[in-house]
Amino acid sequence: GLVRPDEAQEAQEALRAPVNTDELLVVEPPGRIIGGRYEIVKSLASGGMGTVYVATQIDLGRKVALKVMADEDEDLQERFRREAMALADVSHPGIVEIYDFIPVTPESEGRSYLIMTFIEGVDLEAYIHAKPEGKIPQAEALELVLPVVSAIVELHANGIIHRDLKPANFVRFLRADGHPSSK
């Protein structure tokens, strides 16, 4: 997740707390409509904060990533909302774009949803582990790391600290010119 510097102490305490992801798994069946606008296609990934799905934005017919906050705790829901608001103000090629945020409502069954750019690719951790000896060529590594570094600089310039930098949280994809990049 992302956090502003004044929330860093709270964030560090939350990171030290044990998390049982089995309890946090949110299961949204394919075909379910979220917020009247997004149809779940399939599960993409799960983690300590919730589950990410591939969905279709019905009115525009585009693929999106839909993140579901798993925990109904009000403090965590508020952090999730603040993350959406912070990211919505940032525009950078190395950062996914936030399209929409659906807050907790009676219709949302106590859950909130973050809708963002869907990136066709593979997370960097899986990509690296799939390579012989877990290594990628230096030139490609630079193409993958530079957008991440640039994105972190942009986040910091906007007063945002990314608290969970690791290869699994970045997606490797191919740009229109066929060169690899990451977000």
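A salt bridge here is a side-chain nitrogen of Lys or Arg within 4 Å of a carboxyl oxygen of Asp or Glu. Keep that in mind for E83 and K67, whose side chains meet in a salt bridge at 3.5 Å, N to O. E83 sits in helix α3 and K67 in strand β5, so this pair ties together parts that are 16 residues apart in sequence. Are the two partners buried or exposed? E83 has a relative accessible area of 8%, so it counts as buried, and K67, at 16%, counts as buried too.

Let's step back for a moment. What you're looking at is a predicted model. The protein has 5 helices and 11 strands. It runs to 183 residues, and 36% of them count as buried. On the outside, about 10400 Å² is exposed, with carbon and sulfur atoms supplying 55% of that area. As for how the chain folds back on itself, take the contacts with a separation of 6 or more: 55% of them are between residues 24 or more positions apart.

Back to the charged pairs. The structure holds 9 salt bridges, and E83 with K67 is one of them. Strand β5 carries another lysine worth a look, K63, whose side chain meets that of E120 in a salt bridge of 3.5 Å, N to O. E120 lies in the loop between β7 (113–117) and β8 (122–123), while K63 is in strand β5 (residues 62–69), so here the parts tied together are 57 residues apart in sequence. The setting is out towards solvent: E120 is exposed, because its relative accessible area is 56%, and K63 counts as partly exposed at 48%.

Helix α3 has a salt bridge within itself as well. R81 pairs with E78, and the closest N and O atoms are 2.4 Å apart. Both residues lie in α3, 3 residues apart, which is about one turn of the helix. Why does that spacing work in general? An α-helix has 3.6 residues a turn, so residues three or four places apart point the same way. R81 is partly exposed, at 29% relative accessibility, and E78 is partly exposed at 29%. Elsewhere, E28, R32 and R111 are linked in a network of salt bridges.

Now follow the chain to helix α5. This one covers residues 138–157, 20 residues in all, and reaches 28 Å from its first C-alpha to its last, close to the 28 Å expected at 1.5 Å a residue. One set of its residues is buried: E140, L144, P147, V148, A151 and L155. What about V145, V149 and V153? Those three make a nonpolar surface patch of about 240 Å². V153, which belongs to α5, counts as exposed because its relative accessibility is 54%. Just after the helix, G159 takes a positive phi of about 75°.

Which residue from elsewhere in the chain touches α5 residues such as P147 and A151? That's H92, from the loop between α3 (74–88) and β6 (98–102). Leaving out residues up to four places away in sequence, H92 touches P147, S150, A151, E154 and K183. With S150 there's a side-chain to side-chain polar contact of 2.8 Å. H92 also has a partner in its own neighbourhood of the chain: a polar atom of its side chain lies 2.7 Å from the backbone nitrogen of G94. At 14% relative accessibility, H92 counts as buried, because the cut-off is 20%.

Two loop residues round off the walk. E133, in the loop between α4 (124–130) and α5, has a phi near 60°, a positive value in a residue other than glycine. E133 is exposed, with a relative accessible area of 71%. V27 is found in the loop between α2 (21–24) and β2 (33–34), and V27 too is exposed, at 61%. The C-alpha atoms of V27 and V52 are separated by 9.9 Å, with the two residues 25 apart along the chain.

Definitions and conventions: Residues numbered from 1 in each chain as written. Predicted model: local features only at pLDDT ≥ 70, side-chain atom pairs only at ≥ 80, totals over all residues. Heavy atoms only, no water. Helix = DSSP H or I, 4+ residues; strand = E, 2+ residues; numbered from the N terminus. Expected span 1.5 Å × (residues − 1). Buried < 20%, exposed > 50% of the residue type's maximum accessible area, 1.4 Å probe, protein only. Patch = residues over 30% accessible without salt bridge, like charges linked within 9 Å, V, L, I, M, F, W, Y side chains within 5 Å. Areas by Shrake-Rupley, 256 points an atom, 1.4 Å probe, with all protein chains shown as cover. Polar contact = N/O pair within 3.5 Å; in protein donor to acceptor, adjacent residues only side chain to side chain. Contact = heavy atoms within 4.5 Å.
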